[in-house]
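User: I'd like to learn how to read a few local features in a protein model. Could you walk me through some cases?

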Amino acid sequence: MNQNPNKISASPTLPKKETNKRFDIATILSEGPLPVPGVRSENTSLDEKLRKAYFWITNSAIINPFYDIEYNTTPPVSFTIGDSKSKITLPTDQSYSSFILLPLLSLMVKGKCLLVGGPGRGKTASAILMGVIAGYPIREIKRAIQHGQPQMTITDLLGNPLPSDLMQAKSMDEIKIAWRKWLGMRIKIIDEYNRIPTRTQSALLTIMGDNYAEIYDQIFECPDAAWYLTANDDAGGGTYQVIEALRDRIDIVVKAPHFNTRFIGELITRVEEGYKPESMVPTEIIFSEKELNELTNQIRLVVFPESLRRRMEFFAAQFEFLEYAGEQIEYKTKDTAKLSAVNFSEIVARETGKDKTKDLGNQTKNGLSVRAIFTIINYAKALAYFRGLTEVTLDDLSHILPFVLHDKLVQNSDSVFFEEENYKVYRSDRIGWIRKLFQLSLSEYNRIGLDQNDKVSELSGKFEKGLEGLSAKETKNRIVEIEKEIDTISKQRKLYGHVYDDLLKLKYLHQRYTNYLKWAESNV
């Protein structure tokens with residue numbers, strides 16, 4: 001911890017060599033004069049302000065010596081320790097703690113962050129700090145925290161109808177509601193959300209999913225907000241089982257790390273000095289509502305490059321396909337199996353002869369939803385922006401995936417993959433498991449050589465140029481091309497998830513061209 005808790009890191013927090021910096025009068029007018037070395041500019045960029053916030057929390061607020069989001073500019077030094085061959089890696093570039101960084105990214109993108117871990121690990125304290133950084137007084141934040149407990153009713157959560165209106169109202173429209181103040185805040189904290197009764201969870205789901213609350217036909221429109229929910233265990237258990245739809249609304253899951261006993265001295269100092277970090281947040285790292293909105297806009301401008309998109313497509317395509325779940329190709333999915341009464345394991349058992357390392361879909365009971373993919377893109381852009389980049393890198397995507405998909409991918413623990421000695425640990429280590437899934441996906445992508453030879457992308461590129469002015473003859477040629485590609489795929493002995501998505505894309509293109517051809521021929 002810093003000797004002076006009010007001290008923030010000096011700029012730049014992420015030194016970079018400037019290359020091809022364009023100098024013009026417009027830059028001076030919009031950004032002000034060039035900064036003088038060693039002097040803090042009053043016009044600190046928002047990404048720099050974010051990094052200052054991160055480092056203040058890391059150095060002065062939360063005792064957390066864990067750097068699990070690792071970046072390297074040169075090959076890192078690593079050591080193998082113990083009978084289990086545990087590896088410790090020493091990153092060579094600025095690396096970060098997920099427990100501090102991911103809640104901060106959630107503030108940036110107005111995401112829904114679940115903090116999980118045992119009692120007393122700083123989950124609620126971290127959420128409160130996010131509220132202070134967002135510009136709220138501590139007292140207001142603490143009063144707005146919703147504490148999950150078995151007796152919580154919908155009115156406890158949302159508000160109460162005025163008694164006089166209940167007695168005198170002739171219709172629902174005449175009833176006025178005394179809404180709870182937290183509904184209108186841009187930071188929402190739900191402590192121990194898995195202790196909330198099921199019926200009240202449904203009301204919470206409406207707010208999280210649709211940004212409004214409803215009682216007696218009265219509606220309260222809620223602003224976009226960053227959400228912080230806490231739970232004491234990783235499985236979502238508690239007094240009440242969390243409903244699936246509510247769990248699905250959570251964007252990212254962050255584990256609260258254990259306390260490292262080598263830092264007990266820090267605790268002694270805090271006790272003796274009465275140090276409360278949430279009361280000492282420097283004003284330089286507090287964001288206004290305008291700044292937070294601008295952050296969101298700037299994050300959207302971060303580029304998600306095509307080469308990275310293809311790798312993400314390939315990874316995401318691995319999981320939904322289930323060959324024997326349905327007859328028609330569109331219904332050969334795990335969702336079909338889930339909606340049936342047939343045992344999932346029985347359907348999976350019919351798939352034989354596949355390479356279980358290549359068949360990543362065998363390790364899960366579900367695929368990825370649109371919401372999950374959207375969240376991955378959003379957080380990957382936010383991480384790249386936080387690092388001062390203009391486009392997402394492969395490392396950014398690799399680091400975000402495990403935390404977003406932590407509760408999104410349901411593990412098929414019966415998969416033979418987990419029987420291998422080196423992979424048994426992944427039954428309990430979900431973060432490590434998802435990282436491994438992505439590594440295996442990247443290896444297979446490179447082995448197939450999709451950067452050099454991707455016929456489906458080539459055919460898709462032609463279609464995306466538009467159909468306007470396309471002749472009937474050229475349309476027929478493209479239809480034949482698609483049919484030839486499907487014929488080539490049909491000669492493969494085994495069908496994997498990424499090939500399944502390719503087939504569906506080809507069928508889609510074929511149908512679009514077929515419809516267009518009929519129209520073109522009718523207008524000759």
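Analyst: Happy to; we will take a lysine, a surface patch and a glutamine in turn, bearing in mind that this is a predicted model.

User: Let's begin with Lys-112. Where is Lys-112 placed, and which side chain of opposite charge is nearest?

Analyst: A salt bridge calls for a side-chain nitrogen of Lys or Arg within 4 Å of a carboxyl oxygen of Asp or Glu. Here, Lys-112 sits in strand S3 (residues 112–116). This lysine is buried but has no salt bridge, with Asp-251 as the nearest side chain of opposite charge, 4.5 Å away. A polar atom of the Lys-112 side chain does lie 3.4 Å from the backbone oxygen of Met-208. Beyond its sequence neighbours within four places, Lys-112 has contacts that include Trp-227, Arg-249 and Tyr-379.

User: Which residues form the nonpolar patch on the surface?

Analyst: Patch members need over 30% relative accessible area. In this model, Val-77, Phe-79, Ile-81, Ile-88 and Leu-90 form the patch, together offering about 440 Å² of accessible area. Strands S1 (77–81) and S2 (86–90) each give two or more of these residues, and S1 gives the most, with three. Phe-79, in strand S1, is partly exposed at 43% relative accessible area.

User: And is Gln-411 buried or exposed?

Analyst: Buried means under 20% relative accessible area. Gln-411 has 12%, so this residue is buried. Gln-411 belongs to the loop between helix H16 (394–404) and helix H17 (430–448). Its side chain reaches the backbone oxygen of Tyr-426 at 3.0 Å. Among the residues that Gln-411 touches, leaving out those up to four places away in sequence, are Gln-363, Phe-418 and Trp-433.

Methods
Residues are numbered from 1 along each chain as its sequence is written. This is a predicted model: local features need pLDDT of at least 70, side-chain atom pairs count only at pLDDT 80 or more; totals for chains, interfaces and linings use all residues. Side-chain values use heavy atoms; hydrogens and water are left out. Helices (H or I, at least four residues) and strands (E, at least two) are DSSP runs, numbered from the N terminus. Buried means under 20% relative accessible area, exposed over 50%, partly exposed in between (1.4 Å probe, protein chains only). Lys and Arg count as positive and Asp and Glu as negative; His and the chain ends are not counted. A polar contact is a pair of N or O atoms within 3.5 Å; within protein, one must be able to donate a hydrogen and the other to accept it, and residues adjacent in sequence count only if both atoms are side-chain atoms. Contact means heavy atoms within 4.5 Å. Patches are made of residues with over 30% relative accessible area and no salt bridge: like charges are joined within 9 Å, nonpolar side chains (Val, Leu, Ile, Met, Phe, Trp, Tyr) within 5 Å. Accessible areas come from the Shrake-Rupley method with a 1.4 Å probe; for residues, only the protein chains shown count as cover.
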